[in-house]
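Work through the exercises below with the model open. Try each task before you read its solution.

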Amino acid sequence: MKISARNVLSGKVISIVRGPVTTEVTLEIAAGVQIVSTITSSSAESLKLAEGGKAYAVIKASSVMVGTD
């Protein structure tokens, strides 16, 4: 896979919550470190995502928000 995004994190799919329109996918990228993404259900199907399988989190953003209490 070759893409222009610089932030590509390899992980294991630990949870898939399918909905009629969107699917929530949780990847574990390191022990105890998870990334959750919501993608279209049709994309989840075409990617053939399965719990325990390998996937990548690709992050391309023009801004990152940081907040405190």
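Strands (E, at least two residues) and helices (H or I, at least four residues) are DSSP runs, numbered from the N terminus. Two strands pair if DSSP finds at least two bridges between them. The model is predicted: local features need pLDDT of at least 70, side-chain atom pairs count only at pLDDT 80 or more, and totals for chains, interfaces and linings use all residues. Residues are numbered from 1 along each chain as its sequence is written, and side-chain values use heavy atoms, with hydrogens and water left out.

**Exercise 1. Trace the sheet**

Find the order of the strands in the open sheet, and state which strands stand at the edges.

Solution.
- Step 1: Begin at the hairpin. Through 3 residues, it joins strand 1 to strand 2.
- Step 2: Count the bridges here. Strand 1 and strand 2 run antiparallel, joined by 6 bridges. K12 stands opposite E28 of strand 2.
- Step 3: Move on to strand 3. Strand 2 (residues 22-30) is joined to strand 3 by 8 bridges, again antiparallel. E24 has T38 in strand 3 as its bridge partner.
- Step 4: Go back to strand 1 (residues 7-18). Its antiparallel pairing with strand 4 spans 6 bridges. L9 has A57 in strand 4 as its bridge partner.
- Step 5: Assemble the order. The 4 strands lie as 3-2-1-4, with antiparallel pairing, in an open sheet. Strand 3 (33-40) and strand 4 (54-59) are the edges: each has a single partner strand, so one side of each lacks a neighbour in the sheet.
- Step 6: Add the twist. On average, neighbouring strands of this sheet are turned by 45 degrees against each other, direction ignored. Axes are lines fitted to C-alpha atoms (for helices over the stretch in contact), and angles run from 0 to 180 degrees between N-to-C directions.

**Exercise 2. Place E28**

Which residues does E28 contact, leaving aside its neighbours within four places in sequence?

Solution.
- Step 1: Locate the residue. E28 is found in strand 2.
- Step 2: Check its cover. Its relative accessible area is 27%, so E28 is partly exposed (buried means under 20%, exposed over 50%, partly exposed in between; 1.4 Å probe, protein chains only).
- Step 3: List the contacts (heavy atoms within 4.5 Å). Neighbours within four places aside, E28 touches G11, K12, I14, V33 and Q34.
- Step 4: Take one distance. E28 and A57 are 29 residues apart in sequence and 9.8 Å apart in space, C-alpha to C-alpha.

**Exercise 3. Classify M1**

Is M1 buried or exposed?

Solution.
- Step 1: Locate the residue. M1 is found in the segment before strand 1.
- Step 2: Apply the cut-offs. M1 has 69% relative accessibility, so M1 counts as exposed.
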